[in-house]
Amino acid sequence: MLKAWRISERRIASLVGISRSGQRYVVRPKPQDHLTERVKALSLEHPRYGQPRIWALLRRSGIVVNHKALARLWQKLGLQLNRRPRRKKIRTGNGVPQKAERPNHVWTYDFVFAWTIGGMSLKFLTLEDEYTRESLAIEVGRSFKALHVKEVLTRVIAERGAPEFIRSDNGPEFIAHEVTLWLESQRIGVRHIAPGKPWQNGFAESFNARFRDECLEMESFHSLEEAGVIAHAFRRKYNGEHPHSSLGFHTPNEFAAICTTGALPPNPRDLTPWATPGATRKRASQSQPPPCGGPGSALGSLPSVALSSVQMLETLP
């Protein structure tokens, strides 16, 4: 308003009590402002993802941010997930029978239960590859018999070949004579966990927990058919978009593709996400070289991470 009266800039600064440079200052958005909005959008899109997976999604979209800086921002925004209390279980007996060492080596299947809004019970059959963490099938029904389990296995084996072993608990559908004879005819070994020791089937339990947390408890089912559509959509998203911490935050599909190149370290967990340029974690220096990528970047091998062609934010301290 003072400028409209043709008063000099020097005189205006003197009257208002500010410096001339402060008068000309234009507020520019800080890189962290863009990061904050992006983090909020991702947390709304994936409400059950924690800070490490949001960090992985940011990296995959081309936004380079230090994981410690993101942890501070995550806490500032109050996005921490409420941890469900877990009872401490005393583990006894033998470890995991027949550990998976390569793709299609060991599959595992189990059941998850849910209900529709009307109170109808739902039973989901889940099937996973223990090495690549791929979800091979999610089938839903009111109940499952041994014949239905065999039909699901037949279809998946026709698509990707037979595994060497299949792991399961001692449910009647899995130990049925019909299923056992059919698996023997396919030259597939059977590994049942010891009774009362669910940790021996930890991969199935882990997937089922994720399936319940991110799908079953986030959706309301009106019918059996709707439950099937939602479950299949979750399976596609899980395989193609879900960064898995034990796979160096690759998705199961990406990790399976890397396996075909034969450029894997002895242990998939050596694909640590912290082995990024400038990382100082001791764990990164002990990891094996990442497959098919530049030095030190487990995520750099992903074709979707085109850091040079995407506008990136400066790495925050």
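The term pLDDT denotes the predictor's confidence in each residue, from 0 to 100. The structure is a predicted model, in which local features need pLDDT of at least 70, side-chain atom pairs count only at pLDDT 80 or more, and totals for chains, interfaces and linings use all residues. Residues are numbered from 1 along each chain as its sequence is written, and side-chain values use heavy atoms, with hydrogens and water left out.

**Exercise 1. Confidence**

State the mean pLDDT of the protein chain and identify where pLDDT stays under 50.

Solution.
Step 1. The protein chain has a mean pLDDT of 78, and 75% of its residues reach 70 or more.
Step 2. Over residues 269-317, pLDDT stays under 50.
Step 3. Where pLDDT is low, the predicted coordinates should not be read in detail.

**Exercise 2. The largest nonpolar core**

Describe the largest nonpolar core and the elements that supply it.

Solution.
Step 1. A nonpolar core is a set of buried Ala, Val, Leu, Ile, Met, Phe, Trp, Tyr and Cys residues joined through side-chain atoms within 4.5 Å. Buried means under 20% relative accessible area, exposed over 50%, and partly exposed in between (1.4 Å probe, protein chains only).
Step 2. The largest core has 21 residues, of which Tyr 109, Leu 125, Leu 127, Leu 153 and Leu 183 touch the most other members.
Step 3. At least two residues each come from strands S1 (106-115), S2 (121-129) and S3 (135-141) and from helices H6 (146-160) and H7 (177-185). Helices (H or I, at least four residues) and strands (E, at least two) are DSSP runs, numbered from the N terminus.
Step 4. Helix H6 gives the largest share of this core, 6 residues.
Step 5. Another core, of 16 residues, lies apart from this one and includes Leu 42 and Ile 54.

**Exercise 3. Two salt bridges**

Explain which parts of the chain the salt bridge between Asp 129 and Arg 160 ties together, and contrast the pair Arg 210 and Glu 214.

Solution.
Step 1. A salt bridge is a side-chain nitrogen of Lys or Arg within 4 Å of a carboxyl oxygen of Asp or Glu. The whole structure holds 11.
Step 2. Asp 129 and Arg 160 meet through their side chains at 3.6 Å, N to O. Because Asp 129 lies in strand S2 and Arg 160 in helix H6, the pair ties together parts 31 residues apart in sequence.
Step 3. Asp 129 is buried, at 1% relative accessible area, whereas Arg 160 is partly exposed, at 31%.
Step 4. In the salt bridge of Arg 210 with Glu 214, the closest N and O atoms are 3.1 Å apart. These two residues are 4 residues apart in helix H8 (residues 202-216), and therefore separated by about one helical turn.

Conventions:
Contact means heavy atoms within 4.5 Å.
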